[in-house]
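Student: Could you take me through one part of this structure slowly? I would like a close look at a single residue and then at the site where the ligands sit.

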Amino acid sequence: MDKKFIVWTIKGGDGKTSISAEIAMRLNLPIITNEPYTTLDLIFNEDKLLQLKKNEVIPFYKNQGIVFDFGGYIDSRVIEALKQSDYVLVPTIPEISDIQVLINSILEIQKYNKNIIVIVNKTENDTDVEIVKKAIGQLGSFPVFEIKKSLSVTNRNAFILQEIK
Ligand SMILES: Nc1ncnc2c1ncn2[C@@H]1O[C@H](COP(=O)(O)OP(=O)(O)OP(=O)(O)O)[C@@H](O)[C@H]1O
Ligand SMILES: [Mg+2]
């Protein structure tokens, strides 16, 4: 698999790292993050994880699949990763303030990449996905996936931490 994925949204805490880790594990891809503090180093060995330093530019990997776990406001590195990627995965939780940030994130992303997939994370109600779909309807038509709120995500993280001790 030589596809590049970026998981990005301006909003923090909506599932970027969890989703990035899941994709990288399932597809056996290396992962690059712009976050100075990450839990990814608990899961991935050094040869699979590149944690960018403050002003380190993104290397261009030809014919190499990658997952970018990127957070924060749009800067030159986020733009570069958006341009390099085949798929842009944008997570949100079904809360009104997060959905507003989702809309702003999509508007930014569309300037650089049109291949957008929205992931509604931590859903608890049947209507959660519909609410998000309705809110982003006027921006275009995107595939929308759902990840239910699950204790297992938190349990798994707790388990990993326990293993390390
Ligand atoms: N589907 C889910 N169900 C339950 N908990 C979840 C789910 N997805 C993520 N979480 C939890 O939500 C928290 C935030 O998730 P995560 O760290 O992946 O988000 P992030 O966007 O990378 O956050 P940050 O902006 O801090 O980098 C974590 O504690 C994670 O375990
Ligand atoms: Mg993160």
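Tutor: Happy to! Keep in mind that this is a predicted model. Let's begin with Leu-42, which is partly exposed because its relative accessible area is 35%, a value between the 20% limit for buried and the 50% limit for exposed. You will find Leu-42 in the loop between β2 and β3. On the surface, Leu-42 joins Met-25 and Ile-43 in a nonpolar patch, and together the three have about 230 Å² of accessible area.

The loop between β2 and β3 also holds Glu-35, so let's move there next. The magnesium ion (ligand 2) has two protein donors, Thr-17 through OG1 and Glu-35 through OE, at 2.0 to 2.8 Å from the ion. These two residues link distant parts of the chain: Thr-17 belongs to helix α1 (residues 16-27), and Glu-35 comes 18 residues away.

Both donors turn up again around ligand 1, where Thr-17, Ser-18, Glu-35, Asn-121 and Lys-122 come nearest among 16 surrounding residues. Now look at some polar atoms. The side chain of Ser-18 places an N or O atom 2.5 Å from an oxygen atom of ligand 1. For Lys-122, a polar side-chain atom is 2.9 Å from a ligand 1 oxygen. Lys-148 uses its backbone instead, with a polar atom 3.1 Å from a nitrogen of ligand 1. Of the 630 Å² that ligand 1 exposes when taken alone, the protein buries 74%. The elements giving two or more residues to this shell are α1, β6 (116-123), β7 (144-148) and α5 (151-164), and α1 supplies the largest share, with 3 residues.

Terms used. Residues are numbered from 1 along each chain as its sequence is written. Chains are lettered from A and ligands numbered from 1 in the order in which they are written. This is a predicted model: local features need pLDDT of at least 70, side-chain atom pairs count only at pLDDT 80 or more; totals for chains, interfaces and linings use all residues. Side-chain values use heavy atoms; hydrogens and water are left out. Donors are N, O and S atoms within 2.8 Å of the metal (3.2 Å for Na, K and Ca); water is not among the atoms, so sites may look incomplete. Helices (H or I, at least four residues) and strands (E, at least two) are DSSP runs, numbered from the N terminus. Patches are made of residues with over 30% relative accessible area and no salt bridge: like charges are joined within 9 Å, nonpolar side chains (Val, Leu, Ile, Met, Phe, Trp, Tyr) within 5 Å. Accessible areas come from the Shrake-Rupley method with a 1.4 Å probe; for residues, only the protein chains shown count as cover. A salt bridge is a side-chain nitrogen of Lys or Arg within 4 Å of a carboxyl oxygen of Asp or Glu. Buried means under 20% relative accessible area, exposed over 50%, partly exposed in between (1.4 Å probe, protein chains only). A residue is near a molecule or strand if one of its heavy atoms lies within 4 Å of it. A polar contact is a pair of N or O atoms within 3.5 Å; within protein, one must be able to donate a hydrogen and the other to accept it, and residues adjacent in sequence count only if both atoms are side-chain atoms.
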